[in-house]
Amino acid sequence: MTVESTAARKPRRSAGSKAGTTGTERTTRTTARKAAEPELVQLLTPEGKRVKNAKNAEYAKYVAGITPEELRGLYRDMVLTRRFDAEATALQRQGELGLWASLLGQEAAQIGSGRALRDDDYVFPTYREHGVAWCRGVDPTNLLGMFRGVNNGGWDPNGNNFHLYTIVIGSQTLHATGYAMGVAKDGADSAVIAYFGDGASSQGDVAESFTFSAVYNAPVVFFCQNNQWAISEPTEKQTRVPLYQRAQGYGFPGVRVDGNDVLACLAVTRWALDRARDGEGPTLVEAYTYRMGAHTTSDDPTKYRADEEREAWEAKDPILRLRRHLEASNHTDEGFFAELEAESEALGRRVREAVRAMPDPDRFAIFEHVYADGHALVDEERAQFAAYQASFATEAESGFAAGSGDN
């Protein structure tokens with residue numbers, strides 16, 4: 001498996017019509033989307049060429065001094081994140097994980113924004129920010145414990161300033177806003193970033209977060225990864241205006257960035273974080289990208305979207321885009337790519353071995369931390385559960401004794 005390959009993981013539609021959206025409707029939607037390409041901040045074209053114009057100048061200065069080494073670092077981040085994601089998807093298909101939410105196609109949005117952060121900034125993710133977790137130094141294997149069902153997160157949020165994954169859609173934006181308000185009251189110059197998707201943008205929690213952050217001028221960046229689909233609902237079913245324009249109604253700026261352009265994501269996020277640290281309040285960043293895979297491994301996207309739409313976005317692949325730029329600029333050689341390929345395969349093996357070696361959770365851990373000082377009812381339930389567990393051992397011993405007597 002090559003580190004850049006997405007075609008190998010592409011869900012194909014089976015023969016015959018699918019229930020739900022018809023093939024004609026899917027094709028019509030794809031055509032309409034192609035005809036209405038949005039205006040956005042782009043610093044690197046899909047062909048790997050740098051974009052230089054007055055419109056992007058305000059953001060381009062944030063990456064004006066980027067070095068070849070830093071560019072290779074961004075490329076490495078995206079490649080290794082994709083390899084980890086591919087391995088996690090394979091592990092779920094093999095029954096090693098209960099579920100997995102892939103980031104395939106969204107590497108640039110996550111790595112670009114993640115590398116814009118300082119160590120003292122705080123991150124509130126959803127459940128798909130595996131690339132941001134990588135940037136924050138969270139061991140990839142720690143992300144998998146929750147999806148295997150052996151823990152509730154697997155890492156100390158304060159160790160990397162990276163909060164635990166949030167499954168409840170949109171609620172982490174409230175947590176981020178409250179934390180940012182606290183940062184402001186403490187007089188710190190750090191910033192907070194909250195990640196969410198286009199589907200979460202319709203949640204009331206997100207609207208409340210926008211209101212409070214604006215009123216209290218909280219140093220928070222709302223980073224929306226618009227991957228076009230809220231499971232099976234396209235963005236046009238949720239909003240009549242581009243998502244970034246929603247910020248205007250709350251009194252703070254919004255900007256749409258090419259979410260498949262790692263340089264643009266890095267630059268715009270740096271700009272937004274600087275605003276937050278300088279006391280200028282919140283910013284909404286809409287990273288316009290595409291979910292190349294399923295919503296999660298329990299989803300079949302071929303039921304509601306066309307292959308043509310996906311193929312159009314494959315041409316905008318974030319990793320291939322940066323590779324083209326590196327090669328055209330003579331910033332690397334084949335040795336770099338070969339070493340990275342070997343490193344990515346080693347990462348895949350490490351992840352696979354670590355997941356299969358994870359111990360089963362303590363069955364009685366569910367009774368811990370229910371109440372701060374304990375509770376008689378919890379003690380009673382724990383005792384009942386202990387008796388229930390012990391009954392299996394008793395039955396097994398009885399069966400063994402009966403079998404021995406037959407000999």
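Student: What makes Phe212, Val215 and Tyr216 a nonpolar surface patch?

Tutor: Patches are built from residues with over 30% relative accessible area and no salt bridge (a side-chain nitrogen of Lys or Arg within 4 Å of a carboxyl oxygen of Asp or Glu), where nonpolar side chains (Val, Leu, Ile, Met, Phe, Trp, Tyr) are joined within 5 Å and like charges within 9 Å. Phe212, Val215 and Tyr216 make such a nonpolar patch, of about 330 Å², with areas taken from the Shrake-Rupley method with a 1.4 Å probe, where for residues only the protein chains shown count as cover. This is a predicted model, in which local features need pLDDT of at least 70 and side-chain atom pairs count only at pLDDT 80 or more, while totals for chains, interfaces and linings use all residues. Residues are numbered from 1 along each chain as its sequence is written, and side-chain values use heavy atoms, with hydrogens and water left out.

Student: Why is valine 215 called exposed?

Tutor: Exposed means over 50% relative accessible area, buried under 20%, and partly exposed in between (1.4 Å probe, protein chains only); valine 215 has 60% relative accessibility, so it counts as exposed. Valine 215 belongs to helix H9, residues 204-215, where helices are DSSP runs (H or I, at least four residues; strands are E, at least two) numbered from the N terminus.

Student: Why is the pair of tryptophan 155 and tyrosine 165 called edge-to-face?

Tutor: Rings of Phe, Tyr and Trp (its six-membered ring) pair if their centres lie within 6.5 Å, and planes under 30 degrees apart count as stacked, over 60 as edge-to-face and the rest as tilted. The structure holds 28 aromatic pairs; in this one the centres are 5.5 Å apart and the planes stand at 80°, so the pair is edge-to-face. Tryptophan 155 counts as buried because its relative accessibility is 10%, and tyrosine 165 is likewise buried, at 7%.

Student: How do you know that tyrosine 388 and phenylalanine 392 form an edge-to-face pair?

Tutor: Their ring centres are 5.0 Å apart and their planes at 80°, so the pair is edge-to-face. Being 4 residues apart in helix H14 (residues 376-405), tyrosine 388 and phenylalanine 392 are separated by about one helical turn. Tyrosine 388, with a relative accessible area of 49%, is partly exposed, and phenylalanine 392, with 44%, is also partly exposed.

Student: What makes lysine 316 a charge over the ring of tryptophan 313?

Tutor: The rule asks for NZ of Lys or CZ of Arg within 6 Å of the ring centre and within 35 degrees of the ring normal; lysine 316 lies over the face of tryptophan 313, at 4.2 Å from the ring centre.
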